[in-house]
Amino acid sequence: GEPASRRENMELKLLILIILQFGISTQHWCGYQPRWQSRQVESYDYNYESEEIILQDTTLTYMVNDRLSSDSSTDSKDSSTGLNLQTGIFTAPIKKDGYLVTLTAQLVSPRQTEMFSYAQMFILKNGNLESLQNYLLVEMGKVGDLRVEVNMDKGDTLQVFVGHHVESKNIYGGSGTIQRYDGFNLESVRFCIF
């Protein structure tokens with residue numbers, strides 16, 4: 001009687017623990033930014049003006065309500081953890097040795113010029129660059145790809161910090177003319193945490 005009941009109780013607890021561990025370990029969060037660029041805003045007189053958006057030395061944010069941005073914990077009652085797409089900051093819901101983090105991006109190449117540019121991206125933990133392994137140089141014509149493992153305590157944060165990045169370049173002519181070439185934007189940026 002009692003030993004069998006105790007064994008069944010232990011088996012049930014073990015099964016619940018395994019299910020909980022599997023459920024926690026399969027959580028993932030992804031942010032997607034199709035194109036990191038200044039946006040056009042309509043002014044009151046219906047003219048389009050450039051809205052000042054800082055594209056470098058800032059935290060990357062992601063599309064909200066996009067099929068490529070996801071949060072496996074959206075059903076969770078605790079919205080203070082996971083990836084906040086609007087701020088670009090991931091907050092670890094649990095302590096874990098070895099969150100798997102991926103970051104991919106490419107740079108738009110303007111068709112009308114042979115000019116070259118690059119972008120710098122850094123994965124910051126709690127606002128700090130902890131290792132040069134968390135640095136990604138994005139070159140034109142190549143897909144930038146970074147894969148790292150990050151140990152985090154509950155409440156630690158990760159964010160993608162965009163260092164150098166421009167969306168236009170100028171060529172200065174001998175007679176004082178200036179030709180502006182637009183493009184060079186980061187695009188198809190995907191940041192995932194598993």
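## Reading the labels on this model

Guide: Both D156 and K125 are buried, and this pair is a good place to begin in what is a predicted model.

Visitor: What makes the side chains of D156 and K125 a salt bridge?

Guide: The distance from N to O in the pair D156 and K125 is 4.0 Å, and the rule asks for a Lys or Arg side-chain nitrogen within 4 Å of a carboxyl oxygen of Asp or Glu, so the pair D156 and K125 counts as a salt bridge. Because D156 lies in the loop between β11 and β12 while K125 belongs to strand β9, the pair ties together parts of the chain that are 31 residues apart in sequence. The two residues are also members of a salt-bridge network, in which K125, E130 and D156 are linked.

Visitor: How many salt bridges does a search of the whole structure find?

Guide: The search finds five salt bridges, and among them is the one between K95 and D153, whose side chains meet at 3.0 Å from N to O. K95 is in the loop between β7 (89–91) and β8, and D153 is in the loop between β11 and β12, so this pair ties together parts that are 58 residues apart in sequence. Another of them joins R147 to D145, with 2.7 Å from N to O.

Visitor: Why is K95 called exposed or buried, and how does D153 count?

Guide: K95 has a relative accessible area of 56%, and since exposed means over 50%, K95 is called exposed. D153 has 38% relative accessibility, a value between the 20% and 50% limits, and D153 therefore counts as partly exposed. The pair R147 and D145 can be read in this way too: R147, at 65%, is exposed, whereas D145, at 38%, is partly exposed.

Visitor: How do you know that a disulfide joins C30 to C192?

Guide: The sulfur atoms of C30 and C192 are 2.1 Å apart, and the cut-off for a disulfide is 2.5 Å, so the pair C30 and C192 meets the rule. By this rule the count comes to one disulfide. With 120° about the S-S bond, the link of C30 and C192 is right-handed. Distant parts of the chain are linked by this pair, as C30 is in strand β1 (residues 29–36) and C192 is in strand β15 (residues 186–193), 162 residues apart.

Visitor: Are C30 and C192 to be called buried or exposed?

Guide: The relative accessible area of C30 is 2% and that of C192 is 5%; buried means under 20%, so C30 is buried and C192 is buried as well.

Visitor: Which residues have the most contacts inside the largest nonpolar core?

Guide: They are F90, L103, M121, L158, L186 and F191, in a core of 34 residues. Strands β1, β8 (96–107), β9, β10 (135–139), β11 (144–152), β12 (157–162) and β15 each supply at least two residues of this core, and β8 gives the largest share, with five residues. Leaving out residues up to four places away in sequence, L186 touches eleven positions that include W36, L107, M121, V138 and V162.

Visitor: What makes F116, Y118 and L137 a nonpolar patch on the surface?

Guide: A patch takes residues with over 30% relative accessible area, and Y118, which lies in strand β9 (residues 118–125), has 33%, so Y118 passes this limit. Y118 also counts as partly exposed. Together F116, Y118 and L137 have about 270 Å² of accessible area.

Visitor: What is the phi of D57, and what is the phi of N126?

Guide: D57 has a positive phi of about 55° although D57 is not a glycine, and N126, also a residue other than glycine, has a positive phi near 50°. Most residues other than glycine have a negative phi. D57 is in the loop between β3 (48–50) and β4 (58–59), and its 54% relative accessibility makes D57 exposed. N126 is in the loop between β9 and β10 and, at 40%, is partly exposed.

Visitor: Which residues does G155 touch, beyond those up to four places away in sequence?

Guide: G155, in the loop between β11 and β12, touches T91 and A92. From C-alpha to C-alpha, G155 and T91 are 5.5 Å apart in space, although they are 64 residues apart in sequence.

Conventions: Residues numbered from 1 in each chain as written. Predicted model: local features only at pLDDT ≥ 70, side-chain atom pairs only at ≥ 80, totals over all residues. Heavy atoms only, no water. Patch = residues over 30% accessible without salt bridge, like charges linked within 9 Å, V, L, I, M, F, W, Y side chains within 5 Å. Areas by Shrake-Rupley, 256 points an atom, 1.4 Å probe, with all protein chains shown as cover. Helix = DSSP H or I, 4+ residues; strand = E, 2+ residues; numbered from the N terminus. Buried < 20%, exposed > 50% of the residue type's maximum accessible area, 1.4 Å probe, protein only. Core = buried A, V, L, I, M, F, W, Y, C linked by side-chain atoms within 4.5 Å. Contact = heavy atoms within 4.5 Å.
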